Amino acid sequence: MLDTIIPEKSVPQKAFRSFEGLADTTFVRLADFSDGFAYDLRYATSNNFLKEKVYDCAECYTRVKTAKALLVANKEFKTKGVRIKFFDCYRPNSVQYKMWEIVPNPQYVADPKKGSIHNKGGAVDITLETLDGEELDMGTDFDFFGKKAYHDNTDLPQEILDNRKLLKGTMERHGFWGIRTEWWHYNLGTASNDKIANFKWPCDE
């Protein structure tokens, strides 16, 4: 009697979307193009400085050109054993108004009439984590408003300074620039002139 050979089941690889045919200004969901990122989208929870949930569901959308730059940056980060973890991505202008109602202070929330680069799909709030999911120590939590979060504050342990340098240096090499007071915030240089948007992503019921 012949032994029955049971063929091994092959695990189907996830198919990701392609950027082919998409304009640079099109809004896309980052998870449709890669599973190499991590997410902790704080404004879809009450774990943020507003103490309120302002997104209906946790999704990370950006414009195509921002997504392309993030993918290339993340590829470099992975060669160093880390990956990008997102706290916030594109933010509809209606949510900016909601945030302004809660905290109407331009020191903490961009005036929705002028808008933020988050409203243009060209800004991200990020940190780094190891490929095993352990966050690198950046010295403060996301949305900590104080000198400890400033890029030019060097009065911090060397490990924290090195982690911030890795984040900033890599992002800058791929077309992003930071702001002095927030180690987590990065704008894509070519996004400044894009229009403020109010595109709202779908949420599963």
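**Exercise 1. The lining of the largest pocket**

Determine which element gives the most to the lining of the largest pocket in this predicted model, and describe that pocket by volume and by residue class.

*Solution.*

Step 1. Strand S7 contributes the most, with four residues. S7 spans 182–188, and helix H2 (93–102) likewise supplies at least two residues of the lining.

Step 2. The lining comprises 25 residues; those nearest the centre of the pocket are Gln107, Tyr108, Phe145, Ile179 and Glu182.

Step 3. Sorted by class, the lining has 12 nonpolar, nine polar and four charged residues.

Step 4. The volume of the largest pocket is about 470 Å³.

**Exercise 2. The second largest pocket**

State the volume of the second largest pocket, identify the residues that line it and divide them by class.

*Solution.*

Step 1. The second largest pocket holds about 150 Å³ of space.

Step 2. Its lining consists of Val54, Tyr55, Asp56, Pro92, Ser94, Val95, Lys98, Lys200, Trp201 and Cys203.

Step 3. Six of these residues are nonpolar, one is polar and three are charged.

Step 4. Cys203, one of the lining residues, also forms a disulfide with Cys57, which leads to the next exercise.

**Exercise 3. The disulfide of Cys57 and Cys203**

Describe the geometry of the link between Cys57 and Cys203, locate both residues in the chain, and decide whether each is buried or partly exposed.

*Solution.*

Step 1. The sulfur atoms of Cys57 and Cys203 lie 2.0 Å apart. The angle about the S-S bond is -85°, and the link is left-handed.

Step 2. Cys57 sits in the loop between strand S2 (38–39) and strand S3 (61–63), whereas Cys203 belongs to the segment after S7; the pair links distant parts of the chain, 146 residues apart.

Step 3. Buried requires under 20% relative accessible area. Cys57 has 17% relative accessibility and therefore counts as buried. Cys203, at 29%, counts as partly exposed.

**Exercise 4. The disulfide of Cys60 and Cys89, and the pairing**

Characterise the disulfide that joins Cys60 to Cys89, and give the pairing of the bonded cysteines in sequence order.

*Solution.*

Step 1. The S to S distance between Cys60 and Cys89 is 2.0 Å. With -95° about the S-S bond, this link is left-handed.

Step 2. Cys60 lies in the loop between S2 and S3, and Cys89 in the loop between strand S4 (82–88) and H2, so the disulfide ties together parts that are 29 residues apart in sequence.

Step 3. Cys60 and Cys89 are both buried.

Step 4. The structure holds two disulfides. With the bonded cysteines numbered in sequence order, the pairing is 1-4, 2-3.

How values were computed:
Residues are numbered from 1 along each chain as its sequence is written. This is a predicted model: local features need pLDDT of at least 70, side-chain atom pairs count only at pLDDT 80 or more; totals for chains, interfaces and linings use all residues. Side-chain values use heavy atoms; hydrogens and water are left out. On a 1 Å grid over the protein atoms alone, a cavity is a set of points where a 1.4 Å probe fits but cannot get out, and a pocket is an open set with protein on both sides within 12 Å along at least five of seven lines; lining residues have an atom within 4 Å of a point. Grid points are joined across faces, edges and corners, and a volume is the space filled by probe spheres set on the points. Ala, Val, Leu, Ile, Met, Phe, Trp, Tyr, Cys and Pro count as nonpolar, Asp, Glu, Lys and Arg as charged, and the others, Gly among them, as polar. A disulfide is a pair of cysteine sulfur atoms within 2.5 Å. Buried means under 20% relative accessible area, exposed over 50%, partly exposed in between (1.4 Å probe, protein chains only).
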